[in-house]
Amino acid sequence: MVCYHITEALEVISASVHEKLEIEMTETPDVISEPTPEPEEEKGEADLDDWEAMASDHEQDKEMKTVHIEVKEEAEEEDEEEEEEEEESDDDDDDDDDGASEESEDEEEKQVLTASLEVDKEPEVVTSEKEKQLSKEFSSDSELESDSDDGRTKEERIYDEAKRRIEKRRADNIMNINTEKLRAPVICVLGHVDTGKTKILDKLRHTHVQDSEAGGITQQIGATNVPLETIKEQTKMVKNFERDEIKIPGMLIIDTPGHESFSNLRNRGSSLCDIAILVVDIMHGLEPQTIESINLLKAKKCPFIVALNKIDRLYDWKKSPDTDVVATLKKQKKNTKDEFDERAKSTIVEFAQQGLNAALFFENKDPRTFVSLVPTSAHTGDGMGNLIAMLVELTQTMLAKRLAYSMELRAQVMEVKALPGMGTTIDVILINGNMKEGDTIIVPGVEGPIVTQIRGLLLPPPLKELRVKNQYEKQKEVWAAQGVKILAKDLEKSLAGLPLLIAHKDDEIAVLKDELDHELKQTLNSIKLEEKGVYVQASTLGSLEALLEYLRASSVPYAGINIGPVHKKDVMKASAMLEHDPQFSVILAFDVKVERDSQELADTLGVRIFSAEIIYHLFDAFTKYRQDYKRQKQEEFKHVAVFPSKLRIIPQFIFNSRDPIVIGVSVEAGLLKQGTPVCVPSKNFIDIGIVTSIEVNHKQVDVARKGQEVCIKIEPIPGESPKMYGRHFEATDFIVSKISRQSIDALKDWFRDEMQKSDWQLVMELKKIFEII
């Protein structure tokens, strides 16, 4: 009885193994790196036929074989993780490829003997369970053998499999977008400082966020969920607007410090927002940051509408927030309407200078070609309904394809915050897809990607700002587009400004970590550092790049960058500049905490730390420090620095020929300053003294430039015998500044601003004359 069972089980096992091998050889060609030779295939098929012939003697075996294959297919499709665990256990038994099959057969015989002893009690159930286990072991063995030819480790195979799965899922999600169901559009508010960006949002949501900000200036990105009911309520006064035909479920409006969300926040190459509101002050027109915002919008090819704000400042404006702004304009006095028309036309001309066609929204026949200008007042509420109506119309018509709902996750970490009772949390903009409690998330971190699980999803109440502390609503699951606060462990060192990713299975974590790592390195490597420069520290990737852009525009070099609080290692890196250029041994800390021990170390080493919550205050403090430092160094080096000058003597103006020499000269090149030592190259470089006085029309001046005719007094160098005009040099000789290597270096370091291009050309000429290397 026992022998019969052993033979029977071995026949079934062998048949299933050979079938499994044949299926894998035909169905998974890309796993095997080289095609197996034809003779081996023929042999395999012959063997398989023999086993089938033997198995066909028993009807029961046929049934078992059929069940066996079905179970294997199910296990392969539905239980990949279990197979991988068993692959690991089998991997230890497969060290020697040649002896693998013999060892596995011995092992199987032992297991079958054990199985056969139990068959008498429960023959059908026990046999099928053991066969499942054995078939999995054999299949995992065969997979390992088939993959061993391509030279990859098991970890690499798992990694590649996970990567393929992620790519396939993303491709499927892109294919299966639902154009009938639209998500909420993400709307950014941009514009110059103090044009009323945040005030527009405050009016919309009846809040006072702007009053609580540092200096009334937005320093971080904030998000507000605007529900459909509010859109309908705010647009009730707008004529010709079908409120019942709104397709979008709401809006997610993002308030930005200038331009961060465009130039900094990234998500696989696409911009964070779908459409933008560019706020322009009607009283000032296009200002520098407005033009910068326009250039960013053009570069990203992002559609936008213009809020022509502060119309309440027009002379004699009569507010009427509950009526359509077109009707409100018609009700104004003639002089008010004339002023509006004049200022609106002026703004349209300024847009034309930036290469954009613009028109007032009620005169705009072609919104795809002309930018719409909507007159608004964030103070009185005039035109706010028209602004929202315009956004709704443009998003659900022109941007319908972009807003089509997709399951492909797009989420961006905006801010990292420590909240009392909650610990460190992250504010995330969920642009597409969904998130739920318990999801494994990978977020960017200062020291590399952080893997953690979502413990809580908090939504601010409708119309409440995400970054302002609220009575948050806890959710089990959130759908795009939303601003959401995430509670999770280990977020202390997380980094704002990069995507958040979700791993559906454990083997996907390594792939997604590499993705985030690559994105962060790519971003930081694209920032070009100088050999000499300041050390820059900021709270987010966005604010870091915004500050670097500001420094670049102001010609301030930076040699080091970091994100997060200022630690001792940052102070040590900044202190390296003490050897090269002490004026740059400075840390600019924007909106970050400076650790106490870091400040103490900086004071000890002589590193200056400038910390501020407002980018302009930080820059002003550093600019003042640089000016003071420069003045100090100029005072220190004023006797070393010799400005280049070339003087021609005017013979008819020789007032005194010796001690001191007082003569009239014409400045042929360069600039002449008091205290300049002068010599005559044509007379063997004879030193004739130091220029102690310069006069123009009997008035003392500090400097004379090229083309001027001046009277100069030359006093002898202390300790040397006085030189005499007519004996030591003549009117035909040119007088030049006596420069040296040290004086040229001093000019380069501390007096560069006072030098012109022609002055440097004279320096090059004098270098050859004096043979300075």
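Strands, like helices, are taken here as DSSP runs numbered from the N terminus, a strand being a run of E of at least two residues. In this sense D687 lies in strand 26, an element that spans residues 686–696. The model under description is a predicted one, and its chain comprises 23 helices and 30 strands.

At the level of the whole chain, 50% of the 773 residues count as buried. The accessible surface amounts to about 39,000 Å², with 49% of that area belonging to carbon and sulfur atoms. When contacts between residues at least 6 apart in sequence are considered, 73% of them join residues at least 24 apart.

The largest nonpolar core holds 93 residues, among which M251, F351, M435, I486 and L500 touch the most other members. Helix 15, which covers residues 384–397, gives the most to this core, contributing 8 residues. For M251, with residues up to four places away in sequence set aside, the residues touched are A184, P185, I187, T224, N225, V226, I231, I388, L391 and V392. A second core, separate from this one, consists of 47 residues and includes A538, I563, A612 and V763.

An open sheet of 4 strands is arranged in the order 20-19-21-22, and its pairing is parallel. Strand 20 (558–563) and strand 22 (608–612) form the edges, each of them pairing on one side only, and the twist from one strand to the next averages 15 degrees. Strand 19, made up of residues 534–538, is joined to strand 20 by 5 bridges, the two strands running parallel; within this pairing, Q537 has N562 of strand 20 as its bridge partner. The loop between strand 20 and helix 18 (568–575) contains G564, which counts as buried because its relative accessibility is 10%, where the cut-off for burial is under 20%. Apart from residues up to four places away in sequence, G564 touches Q537, A538 and V592. Q537 thus appears both as the bridge partner of N562 and among the residues touched by G564, while A538, also touched by G564, is one of the residues included in the second core. The C-alpha atoms of G564 and A496 are 9.7 Å apart in space, with a separation of 68 residues in sequence.

Strand 8 (residues 371–375) is mostly covered, with 5 of its 5 residues buried. In a regular strand the side chains alternate between the two faces of the sheet. In strand 8 both faces are covered, V371, L373 and P375 being buried on one side and S372 and V374 being buried on the other. Strand 6 (residues 304–309) pairs with strand 8 in the parallel sense over 3 bridges, and strand 7 (residues 358–360) is likewise joined to strand 8 by 3 bridges in a parallel arrangement. L373 takes part in both pairings, as the bridge partner of V306 and as the bridge partner of L360.

Strand 29 (residues 709–715) presents another pattern of side-chain burial: V710, I712 and I714 point to one face and are buried, whereas E709, C711, K713 and E715 point to the other face and are not buried. Strand 24, comprising residues 661–673, pairs with strand 29 in the antiparallel sense over 6 bridges, and V665 has V710 of strand 29 as its bridge partner. Strand 26 also pairs with strand 29 in the antiparallel sense, over 5 bridges, with V691 standing opposite I714. V710 and I714, which are mentioned in these two pairings, both belong to the buried face of strand 29.

In strand 26, D687 has a relative accessibility of 18% and therefore counts as buried, the limit being under 20%. The side chain of D687 makes a polar contact with the side chain of K738 at 3.0 Å. With neighbours within four places in sequence left aside, D687 is in contact with V678, C679, I717, E720, K723 and K738.

Conventions. Residues numbered from 1 in each chain as written. Predicted model: local features only at pLDDT ≥ 70, side-chain atom pairs only at ≥ 80, totals over all residues. Heavy atoms only, no water. Core = buried A, V, L, I, M, F, W, Y, C linked by side-chain atoms within 4.5 Å. Buried < 20%, exposed > 50% of the residue type's maximum accessible area, 1.4 Å probe, protein only. Contact = heavy atoms within 4.5 Å. Areas by Shrake-Rupley, 256 points an atom, 1.4 Å probe, with all protein chains shown as cover. Pairing = 2+ DSSP bridges. Axes fitted to C-alpha atoms, helices over the stretch in contact; angles between N-to-C directions. Polar contact = N/O pair within 3.5 Å; in protein donor to acceptor, adjacent residues only side chain to side chain.
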